[in-house]
Amino acid sequence: MVVQSTNLGEKGDIMSFIDRSKRILSALIISFLVSLTVFGQAHADTAQQWEPGALTPPPPVEHNLNVEQSLVANKYLYTFISKISRASNTQANIQGTTNATQTVDSIGINYILQRWTGSAWVDAGSAYDLGNNRSTLVGNKNFSIQAGYYYRGKTTHWVNESGTYEEGTYYTDSMLMGS
């Protein structure tokens with residue numbers, strides 16, 4: 001048995017819904033393609049421009065897109081950030097800050113200095129800072145570098161409270177060192 005609706009309002013509502021869905025899907029696809037074009041062009045332009053003194057092409061631009069997502073799931077780890085700077089012609093400095101929502105049993109920052117080889121990031125040094133019975137940890141570490149390479153910091157910020165361990169990872173911008 002086939003049931004047909006004779007109410008044109010219902011049929012019109014269904015067609016309107018389908019048309020709206022197609023428009024939304026089309027808009028999403030166009031947005032995605034435009035973003036690929038914009039980001040792809042930015043990467044292509046960067047990859048062709050070598051800075052004076054650089055021994056490799058620059059690394060691709062990356063963003064910390066997962067930071068907000070990891071913080072939403074946490075109960076104790078509140079915020080974290082780090083940055084890299086030139087301490088001297090032979091040393092880089094990575095600074096980091098970890099904040100908890102309350103005083104926690106332990107709080108820490110694991111620092112990794114990474115060097116760009118021209119095609120991949122490789123670890124070039126590591127260190128850590130640790131605090132107990134506090135809600136904030138601010139620290140910094142110096143690392144030896146080789147002039148002419150791009151470096152970045154990779155920091156893992158963590159807290160431990162009553163057996164609950166939470167962590168998040170942050171990547172600094174890259175920086176051409178030495179000279």
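This report describes a predicted model of a protein chain, beginning with the whole chain and then turning to arginine 152.

## The chain as a whole

The secondary structure of the protein chain comes to two helices and six strands, and, when the sequence is followed along its length, these elements appear in the pattern α-α-β-β-β-β-β-β.

Of the 179 residues in the protein chain, 30% are buried, while the surface that the chain exposes comes to about 11400 Å², with 54% of that area supplied by carbon and sulfur atoms. Among the contacts in the chain with a separation of 6 or more, 64% are between residues 24 or more positions apart.

## Where arginine 152 lies

Arginine 152 is found in strand β4, which covers residues 150–161. Is this residue buried or exposed? Its relative accessible area is 7%, and because buried means under 20%, arginine 152 counts as buried.

## What surrounds arginine 152

Two polar contacts of the arginine 152 side chain can be described in turn. One, at 3.1 Å, joins it to the side chain of glutamate 62, and another, at 2.7 Å, links the side chain of arginine 152 with that of glutamine 114.

If neighbours within four places in sequence are left aside, the residues in contact with arginine 152 are Glu62, Ile84, Ile112, Leu113, Gln114, Trp121, Tyr171, Thr172, Asp173 and Ser174. The partners in the two polar contacts, glutamate 62 and glutamine 114, therefore also appear in this wider list of contacts around the buried arginine 152.

Terms used:
Residues are numbered from 1 along each chain as its sequence is written. This is a predicted model: local features need pLDDT of at least 70, side-chain atom pairs count only at pLDDT 80 or more; totals for chains, interfaces and linings use all residues. Side-chain values use heavy atoms; hydrogens and water are left out. Helices (H or I, at least four residues) and strands (E, at least two) are DSSP runs, numbered from the N terminus. Buried means under 20% relative accessible area, exposed over 50%, partly exposed in between (1.4 Å probe, protein chains only). A polar contact is a pair of N or O atoms within 3.5 Å; within protein, one must be able to donate a hydrogen and the other to accept it, and residues adjacent in sequence count only if both atoms are side-chain atoms. Contact means heavy atoms within 4.5 Å. Accessible areas come from the Shrake-Rupley method with a 1.4 Å probe; for residues, only the protein chains shown count as cover.
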